[in-house]
Amino acid sequence: AEAPAPLETQAVTVYFASAYGDGLVGEPREIFVTAAPGDRAKQILSDLIQGPERPNVLAALPPGIRLRQVYVMDDGTAYADFAKDLVDRIGGGSQEEILAVYAIVDSLALNVPEIRRVGILIDGREIDTLNGHLDLRRPLLPDRGLILADTARAAGPQPAPDPAAPAAARPGE
């Protein structure tokens with residue numbers, strides 16, 4: 001008997017909060033290729049919920065929240081349905097809410113071609129907002145303006161070089 005072929009994967013970028021809280025930082029991930037855009041979206045949101053792997057990048061969503069389902073409509077609208085624990089644990093002010101919402105929206109709309117805008121549901125119902133700062137009554141388009149291009153700055157301050165360390169040899173010396 002032949003061994004089954006390995007599952008095909010594709011690279012995606014999942015967006016997390018920068019260490020400074022002033023935008024989103026992309027982190028590459030691998031998901032399994034599936035025909036259904038909702039299945040790809042669920043994998044992406046699962047990675048978003050698990051949090052970042054790089055140091056100095058912050059989780060955009062509270063740890064341990066539950067994704068119930070992702071629905072993708074024929075018109076390009078996706079609905080990410082979370083359990084109520086997202087609302088109960090979001091905390092923070094307006095910037096934290098904006099980064100959490102757009103981490104969801106941008107991670108889906110910029111990685112799954114069938115998704116153009118994203119709505120957020122809680123326990124299968126539409127909501128006005130997560131914590132009072134951002135209107136979620138309509139699905140949102142991605143916001144590339146929140147994505148920080150300078151990933152070194154976005155990841156936070158880097159350690160200063162040790163002045164006692166020997167200088168690197170220069171080419172040709």
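The chain exposes about 9,800 Å², of which carbon and sulfur atoms supply 53%; accessible areas come from the Shrake-Rupley method with a 1.4 Å probe, and for residues only the protein chains shown count as cover. The model is predicted, so local features need pLDDT of at least 70 and side-chain atom pairs count only at pLDDT 80 or more, while totals for chains, interfaces and linings use all residues. Residues are numbered from 1 along each chain as its sequence is written, and side-chain values use heavy atoms, with hydrogens and water left out.

Of the 173 residues in the chain, 40% count as buried, a term that stands for under 20% relative accessible area, with exposed meaning over 50% and partly exposed in between (1.4 Å probe, protein chains only). The chain holds four helices and seven strands. Here helices (H or I, at least four residues) and strands (E, at least two) are DSSP runs, numbered from the N terminus. Along the sequence, these elements follow the pattern β-β-α-β-β-β-α-α-β-β-α. Contacts, meaning heavy atoms within 4.5 Å, often link distant parts of the sequence: among those between residues at least 6 apart, 65% join residues at least 24 apart.

It helps to take the sheets one at a time. Strands of a sheet pair through backbone hydrogen bonds, either parallel or antiparallel. In this text, two strands pair if DSSP finds at least two bridges between them. One open sheet has three strands in the order S2-S1-S3, with antiparallel pairing. Its edge strands are S2 and S3, each pairing on one side only. Helix H3 packs on this sheet, where it touches S1 and S2, and its direction makes about 165° with that of S1. For such angles, axes are lines fitted to C-alpha atoms, for helices over the stretch in contact, and values run from 0 to 180 degrees between N-to-C directions. S1 and S2 are joined over nine bridges in the antiparallel sense. Two places along this pairing can be picked out: Ala-11 has Glu-30 of S2 as its bridge partner, and Ala-17 stands opposite Leu-24 in S2. The same two strands, S1 and S2, form a hairpin with five residues between them, and Gly-21 in the turn has a positive phi of about 70°.

A second open sheet is built from four strands in the order S4-S5-S6-S7, and its pairing is mixed. Strand S4 (67–72) and S7 stand at the edges with a single partner strand each, so one side of each is left without a neighbour in the sheet. Helix H1 packs on this sheet by touching S4 and S5, with its direction at about 145° to that of S4. H3 packs here as well, touching S5 and S6, and its direction makes about 130° with that of S6. Between S6 and S7, the pairing is antiparallel and runs over two bridges; in it, Leu-121 stands opposite Glu-126 in S7.

H3 therefore deserves a closer look, since 12 of its 16 residues are buried. From its first C-alpha to its last, H3 reaches 22 Å, close to the 22 Å expected at 1.5 Å a residue; the expected span is 1.5 Å times one less than the number of residues. The buried residues of H3, among them Leu-99, Val-101 and Ile-104, pack against S1, S2, H1, S5 and S6.

The largest nonpolar core has 44 residues, and Leu-48, Phe-82, Val-101 and Ile-104 touch the most other members. Such a core is a set of buried Ala, Val, Leu, Ile, Met, Phe, Trp, Tyr and Cys residues joined through side-chain atoms within 4.5 Å. Its largest share, nine residues, comes from H3. Leaving aside neighbours within four places in sequence, Leu-48 is in contact with several residues, including Phe-16, Ala-103 and Ile-104. Phe-16 belongs to strand S1 and counts as buried because its relative accessibility is 0%. Phe-16 and Ala-103 are 87 residues apart in sequence, and their C-alpha atoms are 6.0 Å apart in space.

Finally, two loop residues are worth a glance. Most residues other than glycine have a negative phi. Asn-56, although not a glycine, has a positive phi of about 65°. Asn-56 lies in the loop between helix H1 (37–50) and strand S3 (57–58), and counts as partly exposed because its relative accessibility is 42%. Asp-123, also a residue other than glycine, has a positive phi near 50°. Asp-123 sits in the loop between strand S6 (117–122) and strand S7 (125–126) and is partly exposed, with a relative accessible area of 31%.
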